[in-house]
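Open the structure in your viewer and keep the sequence panel beside it. The tour below goes from stop to stop, saying what to select and what is there.

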Amino acid sequence: MDYGNYFQFFLSLIFIIGLIFAFSIIAKKLGLGHGPAITGNKQKRIQIAEVKPLDAKRKIVLIQCDNKEHLVLVGGTNDLLLDTVPCNISLDQTDKTKAPIGAGKMNESSGV
């Protein structure tokens, strides 16, 4: 084989990789990926605030939805809702302004 055949093989490989990439983008735009395409309401009501792994199978996920935060244990044999607390922070604000859960509560025994 001469260098012309290697060059043709390389260009063919780049072309095929480009086609695969283009079809994946088209499939995502059409909603053929991980669920239906979002077309109507662009306002986001749900957000994953934090994810912490517990072990190889289980994670704790903090989900914010409609001014409430839900603490969910996922993985293993089933999923479990651990706690739900009200949240006064809208989904449009950044994580830098987000206060920890219970930060506004005062402890009467501390006198603060």
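Begin with Lys52, which is partly exposed at 48% relative accessibility; here buried means under 20% relative accessible area, exposed means over 50%, and partly exposed lies in between, with a 1.4 Å probe and protein chains only. The model is predicted, so local features need pLDDT of at least 70 and side-chain atom pairs count only at pLDDT 80 or more, while totals for chains, interfaces and linings use all residues. Residues are numbered from 1 along each chain as its sequence is written, and side-chain values use heavy atoms, with hydrogens and water left out.

**Stop 1: Lys52 and its partner**

Add Glu50 to the selection. The side chains of Glu50 and Lys52 meet in a salt bridge at 3.6 Å, N to O. The term salt bridge stands for a side-chain nitrogen of Lys or Arg within 4 Å of a carboxyl oxygen of Asp or Glu. Glu50 has a relative accessible area of 39% and is partly exposed.

**Stop 2: the other salt bridges**

How many salt bridges does a search of the whole structure find? The search finds three. Select Asp55 and Arg58 for another of them: their closest N and O atoms are 3.0 Å apart. Asp55 is partly exposed, with a relative accessible area of 37%, and Arg58 is partly exposed as well, with 34%.

Next, select Arg45 and Asp66. The salt bridge between them has its closest N and O atoms 2.4 Å apart. This pair links distant parts of the chain, 21 residues apart: Arg45 is in the loop between α1 (3-29) and β1 (46-53), and Asp66 is in the loop between β2 (59-65) and β3 (68-74). Arg45 counts as partly exposed at 48% relative accessibility, and Asp66 counts as partly exposed at 44%.

**Stop 3: the whole fold**

Switch to a cartoon view of the whole protein. One helix and four strands are present; helices (H or I, at least four residues) and strands (E, at least two) are DSSP runs, numbered from the N terminus. Along the sequence, the pattern reads α-β-β-β-β.

Now colour the strands. They make an open sheet of four with the order β1-β2-β3-β4 and antiparallel pairing, where two strands pair if DSSP finds at least two bridges between them. β1 and β4 (80-86) are the edge strands, each pairing on one side only. From one strand to the next the twist averages 20°; axes are lines fitted to C-alpha atoms, for helices over the stretch in contact, and angles run from 0 to 180 degrees between N-to-C directions.

**Stop 4: across the sheet**

Go through the sheet pair by pair.

- Select β1 and β2: they run antiparallel, joined by seven bridges, and form a hairpin with five residues between them. Gln47 stands opposite Gln64 in β2.
- Select β2 and β3: they too are antiparallel, paired over seven bridges. Leu62 has Leu71 in β3 as its bridge partner.
- Select β3 and β4: six bridges join these antiparallel strands. His70 stands opposite Thr84 in β4.

While the strands are on display, recall that side chains in a regular strand alternate between the two faces of the sheet.

**Stop 5: the turn between β2 and β3**

Zoom in on the hairpin of β2 and β3, which has two residues between the strands. Which sign does phi have at Asp66, positive or negative? Asp66 has a positive phi of about 50° although it is not a glycine. Select Asn67 in the same loop, between β2 and β3. Its phi is near 60°, again positive in a residue other than glycine. Asn67 is partly exposed, with a relative accessible area of 44%.

**Stop 6: the helix and the surface**

Select Phe15, which lies in helix α1 and counts as exposed at 53% relative accessibility. Extend the selection to Ile16, Leu19, Ile20, Phe23, Ile26, Leu30 and Leu32: together with Phe15 they form a nonpolar patch on the surface with about 860 Å² of accessible area. Patches are made of residues with over 30% relative accessible area and no salt bridge, with like charges joined within 9 Å and nonpolar side chains (Val, Leu, Ile, Met, Phe, Trp, Tyr) within 5 Å.

Finally, show the surface of the whole protein. About 9,900 Å² is exposed, and carbon and sulfur atoms supply 62% of it; these areas come from the Shrake-Rupley method with a 1.4 Å probe, and for residues only the protein chains shown count as cover. Of the 112 residues, 11% are buried.
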